[in-house]
Structure formats: C-alpha cells, structure tokens
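Biologist: Please take a close look at one helix of this chain. I should like to know which of its residues are buried, what covers them, and how the neighbouring parts are tied together.

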Amino acid sequence: MDRYLLRYFLAIVETGNFSRAAARENVAQPTLSAGIAKLEAELKARLFDRTNRRVHLTEAGARLLVHARRIEHEYNLALAAVSGAPQSRLLRVAVLATIPTALVEEILIRQAGGEERIELLDGSEREVAALLDRRRVDLALTTISPSTDRLRSERLFEEGYGLALPAGHRLAGEISVPGEALADEVMMVRRHCEVLAQTSRYFTGLNVRPFFSYRGTSDDKVLALVRAGLGITVMPDSHQADGVARVKLDGFTPRRTIGLVYAEETAGQGGDFAQAAREVLSPET
C-alpha cells in the first residue's frame with residue numbers, strides 16, 4: 001500500500017471533504033478521488049459515504065482510521081530517529097466554544113513546553129460531539145452529557161448559569177434577582193448556549209419578552225457588548241470579565257459538567273494537554 005494513499009485518506013478525515021483535502025495535499029481533486037478509489041479497491045471496502053455537503057466514514061473507514069494514524073505516526077517517528085530530530089506527538093483537541101477563552105489560554109500556557117503539538121478545533125456542543133463521533137479529534141474539552149456516555153470521559157468541574165450585567169447596572173450589586181425584574185431589560189442571545197431553549201422557556205413562563213439587541217456565537221464579544229451597555233445575557237458562571245457583574249437568576253437551575261471526552265481509539269490519559277486541563281479546571285486533583 002502506498003503511503004500517499006493513506007495521506008489522502010487522513011486528509012479527507014481531518015478536513016471533512018474532498019476539495020479541502022486535495023488543497024491540503026496540493027493535488028487536484030480528481031487525483032485525490034482516484035487515489036481513494038485505488039485504496040478502496042486494494043482494501044475491497046468502501047471507506048466513505050459521500051453526500052453533496054458532507055463526507056462520513058463507513059464502518060470500514062473507521063476501522064482503517066485507527067491503523068492509518070498509527071502508521072503515519074510510526075513513519076514520522078522513523079524519520080525522526082534516522083535524522084536525529086525530535087518528533088512531537090500531534091494531539092487534535094476539540095474545545096466547546098462556550099468554555100471561556102481565558103481558561104483555554106491558561107491550559108495552553110501550562111501545556112507549553114510539553115511533548116505535544118496541539119491542533120485545536122472548536123464548535124457548539126453538537127459540533128464537538130460530531131468531531132468525536134467521526135474521530136476527527138483525539139479528545140475534547142466539552143460538556144459531559146448523555147451524548148458522550150458511550151465514550152470514556154473525565155469530569156473536571158460543574159457550574160450553573162446566571163446573569164451577566166454591566167458593572168454599573170442597577171441590579172449589579174444584587175446576589176440574586178427574579179426573572180420578572182428583567183421585563184424592561186434589553187437582552188442578548190448567545191446562539192451556542194447549551195441551555196438556550198431552557199432560558200427561553202424560563203422567561204416565556206414569566207411572561208418576560210425582552211427586546212434583543214444582539215444575537216451571536218462569540219462569548220468574548222458578548223461579554224464586551226455587556227460591558228459596553230448594549231444589553232444583558234445569561235451565561236455559564238465561569239465567564240468573568242472586568243466591568244461585568246455576575247448575578248444569580250432566581251429559579252433558573254440548569255447546570256453543566258465540563259470535562260475531557262476521549263475518542264474511542266485514544267490511548268493513555270490525554271498527555272500534557274489533559275494534565276494541564278486538570279490543573280486549571282480541577283486544581284484539587
């Protein structure tokens with residue numbers, strides 16, 4: 001089996017489609033497609049299910065992926081051994097987009113100098129779960145939920161949700177406020193929020209239907225807009241920023257558990273990144 005065929009296969013898995021894989025491998029898409037056809041013929045198995053927009057691994061493709069990554073890794077180790085150059089391990093990590101950037105930054109700072117090269121991908125809870133399912137990452141820093149039950153996971157911390165208000169807001173000094181007190185407030189929607197539907201039901205049940213000044217997926221931007229006074233929002237408790245007050249919301253009880261979730265073929269304990277995550281997010285361990 002020619003190594004370039006495995007490179008083509010891995011490129012499709014890691015980029016998600018044939019056109020991006022061809023660009024990464026610096027070949028024309030028909031050349032890459034012909035290579036995959038040759039590989040499938042050699043293995044006597046179809047490796048991908050193709051649709052107009054997405055590519056999914058078949059059961060045979062998923063089995064090959066474990067060995068293809070091992071072969072590529074061992075090949076690179078062999079090159080390093082012959083040349084005398086050190087070879088670092090590539091660790092693909094998916095990070096839930098609603099985990100505060102400051103926490104991810106601290107993990108990476110602690111991990112720096114380790115033996116791993118880190119490739120980060122981020123996305124919503126559903127997108128991260130899909131990356132794990134398709135084995136496009138080795139592990140994920142995400143919510144521990146029923147969708148991850150079949151995978152090995154490691155709980156790091158649990159938190160609730162509350163209001164994020166400008167520091168000068170009339171309610172900023174309160175410990176907790178009733179939802180009815182927000183009837184006249186301008187609010188912002190965090191589209192990636194894992195409890196968005198529950199938040200909507202909470203306010204609808206109180207007959208609170210605010211004006212929404214912003215809808216977005218970047219929590220860093222939402223925090224900046226809260227600080228600027230554009231509106232208030234509901235966020236996980238771990239989101240903190242200068243100029244932003246955090247206040248509990250009466251009767252709003254959703255919680256989330258954040259942890260490490262390992263892809264099925266991942267061995268060991270996640271290496272330096274996982275250890276740094278434990279130190280930052282679960283210091284008592």
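Modeller: In this predicted model, helix α7 spans residues 196–205, and its buried residues are T199, Y202 and F203. Viewed down the axis of α7, these buried residues fall within an arc of 85°, so they line one face of the helix. The general geometry accounts for such a pattern: an α-helix has 3.6 residues a turn, so residues three or four places apart point the same way. R201 and G205, on the other side of α7, are exposed. Just after the helix, N207 adopts a positive phi of about 60°.

The cover over the buried residues of α7 includes three strands, β8 (186–190), β10 (233–236) and β11 (244–249). One of these, β8, also takes part in a salt bridge: R190 pairs with D219, and their closest N and O atoms are 2.7 Å apart. Because R190 lies in strand β8 and D219 in helix α8 (residues 219–227), the pair ties together parts that are 29 residues apart in sequence. Both R190 and D219 are buried.

Across the whole structure, a search finds 17 salt bridges. Among them is the pair of E158 and R255, whose closest N and O atoms are 2.7 Å apart. This pair links distant parts of the chain, with E158 in strand β6 (residues 153–166) and R255 in strand β12 (residues 255–262), 97 residues apart. E158 has a relative accessibility of 47% and therefore counts as partly exposed.

Definitions and conventions: Residues are numbered from 1 along each chain as its sequence is written. This is a predicted model: local features need pLDDT of at least 70, side-chain atom pairs count only at pLDDT 80 or more; totals for chains, interfaces and linings use all residues. Side-chain values use heavy atoms; hydrogens and water are left out. Buried means under 20% relative accessible area, exposed over 50%, partly exposed in between (1.4 Å probe, protein chains only). Helices (H or I, at least four residues) and strands (E, at least two) are DSSP runs, numbered from the N terminus. The arc is that of the directions from the helix axis to the C-beta atoms. Contact means heavy atoms within 4.5 Å. A salt bridge is a side-chain nitrogen of Lys or Arg within 4 Å of a carboxyl oxygen of Asp or Glu.
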